[in-house]
Amino acid sequence: MEEEREELMVNMEQSGMLRAQSRTKAQSHRNSVAAAKGMSPGLLRVRKAAKADKNTRFVSLLHHVTPETLRQSYYALKKQAAPGVDGCTWEEYQENLDERLEELHTKVHKGTYRALPSRRVYIPKTDGTKRPLGIAALEDKVLQQAVSEVLTAIYEEDFYGFSYGFRPGKGCHDALDALYVAIEKKKVNWVLDADIRRFFDSISHEWMLRFLGCRIADKRLLRLVAKWLKAGVVEGGERLNIGEGTPQGAVISPLLANVYLHYVLDDWMAWWRRKYATGDVVIVRYADDFVMGFQHKHEAVLFLKALRDRLNVFALNLHPDKTRLIEFGRFAAVSRRKRGQGKPETFAFLGFTHICSVKWKDGKYKTLRLTDNKRMREKLSWFKQTLKARMHDGIEEVGQWLRRSVQGYYNYFAVPDNTGRLVSFRYALGKIWHRVLCRRSQKGRISWEAFNKWVLRWIPKPKVLHPYPSARFAAKQP
């Protein structure tokens, strides 16, 4: 294993994968505190050792998976989640919970544990295709959750500040804030909106285990991860062995994805920025979706070419339709106007369309963020189908559900300057509900006057629920 690690590290150095932490001491401290919440004393010591020496390889980790940590992992799972191939639900597993967890703990430490294949299901995407999801058996979920906690203690000290996806103390709005502030404050003239094609399905198992081996020397834990990677899926009653990828939906998949992209992408991007960039370069990554801002176009073009070559080494490719280099930023509109071109192009990131705009008070530049049209249509379509299915339920029952669901939608999209888009969403939703209610009875249409009373009662009016990105970013990262 040492020889493999030395070879891997040599390959990384030859590829330019040098470490360059981008976060400040204050950021690092806050992330450490957020991720350390609820950690056992043993894992806190692991985290401290990982922070003290970035080259430390941990030989003994599996002993941190105890019956108590398995219990905590069980209660951390979603109670209403769909069952895997075992058909066991969260409630059913709770029967004789202590005995089940003791048995699982014994199997893991004796090496007799066997991972079950994931049950494959498909969910529709906005582009008309379907996304495959893998639903693991409940016992596998419990163990994956426990192992994720162990690995998080190590890798939270390695991950970069510009990586936001599936990390404790970070979320979508933190990534959106960081991008907004970067475009406003840095010299960003060009934006690379990138998306890795079928990322979760393309992860190389060999590279994944070699990357983990840079920090993990516990062979028992590495064997556990290998079992999950190679467990395969069940589709249409037939078991399929998969030689690459990790199932989306598995508890441990987000962490493994971040580890993979940390070595493949983040380390390399930080090195490239130090070595080749003469102007400002900013990076914001959320899982396999990332946006970069460049001061100079020729550096953006050079980086994009190098990025494609880099990803090919690790069996990854950029999505041809979702990866674009566009002129964007404070000076984009003026520059394009001088060249006789139209308005700057827009790009979508984490459900918001980003637009070059100006403040109505003083005419200064601002980045306008509106709900992405595809996301809004998708949500309205979901409401339409659900309301049709609940056509004959009571008005009050449906109204209470609508209020909760719409408020949840607002909780994400109610950012400054997006109120107009939310008003349009509320109006469209009201029309959908009215048509459904009119169809459930043959007595005639419901008057708008009567219906509006229900709308006022059950569909909340939108209001801004998030502070301006620069204010929240400054508060979190002074």
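**Notebook: strands, one helix pair and one asparagine**

I began with strand 1 (residues 118–124) and strand 2, which run antiparallel and are joined by six bridges. For helices and strands I used the DSSP runs, with H or I over at least four residues for a helix and E over at least two for a strand, numbered from the N terminus; two strands pair if DSSP finds at least two bridges between them. I kept in mind that this is a predicted model, in which local features need pLDDT of at least 70 and side-chain atom pairs count only at pLDDT 80 or more, while totals for chains, interfaces and linings use all residues. Residues are numbered from 1 along each chain as its sequence is written, and side-chain values use heavy atoms, with hydrogens and water left out.

**Entry: the four-stranded sheet**

Looking up one residue pair in these two strands, I found R119 opposite I135 in strand 2. I then traced the open sheet of four strands, whose order is 2-1-4-5 and whose pairing is mixed. Strand 2 (130–135) and strand 5 (238–240) each have a single partner strand, so one side of each is left without a neighbour in the sheet. Direction ignored, neighbouring strands of this sheet are turned by 40 degrees against each other on average, where axes are lines fitted to C-alpha atoms, for helices over the stretch in contact, and angles run from 0 to 180 degrees between N-to-C directions.

**Entry: strand 3**

Next I checked the covering of strand 3 (residues 190–195), and six of its six residues are buried, buried meaning under 20% relative accessible area, exposed over 50% and partly exposed in between, with a 1.4 Å probe and protein chains only. W190, L192 and A194 point one way from the strand, whereas V191, D193 and D195 point the other way. Strand 3 runs antiparallel to strand 7 (residues 289–294), to which six bridges join it, and D193 has V291 as its bridge partner there. Four bridges join strand 3 to strand 8 (residues 324–327), again antiparallel, and in strand 8 I found L325 opposite L192.

**Entry: helix 10 against helix 12**

I looked up how helix 10 (residues 205–212) and helix 12 (residues 253–276) pack, and obtained an angle of about 85 degrees with the axes 10 Å apart. That makes helix 10 roughly perpendicular to helix 12, since 65 to 115 degrees counts as roughly perpendicular, under 35 as roughly parallel, over 145 as roughly antiparallel and the rest as oblique. With contact taken as heavy atoms within 4.5 Å, W207, M208, F211 and L212 in helix 10 meet L256, V259, Y260, Y263 and V264 in helix 12. By class, this contact has nine nonpolar, no polar and no charged residues.

**Entry: the three-stranded sheet**

The open sheet of three strands has the order 9-10-11 with antiparallel pairing, and its edge strands, strand 9 (347–349) and strand 11 (365–371), each pair on one side only. The twist averages 40 degrees from one strand to the next. Strand 9 and strand 10 (residues 352–358) pair over three bridges, and the partner of A348 in strand 10 is T353. Helix 8 (residues 172–185) packs on this sheet and touches strand 9, strand 10 and strand 11, its direction making about 150 degrees with that of strand 11.

**Entry: N312**

Finally I placed N312 in helix 13 (residues 297–313) and noted that N312 is partly exposed, with a relative accessible area of 46%. From C-alpha to C-alpha, N312 and V188 are 27 Å apart in space, and 124 residues apart in sequence.

Notes:
Nonpolar A, V, L, I, M, F, W, Y, C, P; charged D, E, K, R; others polar.
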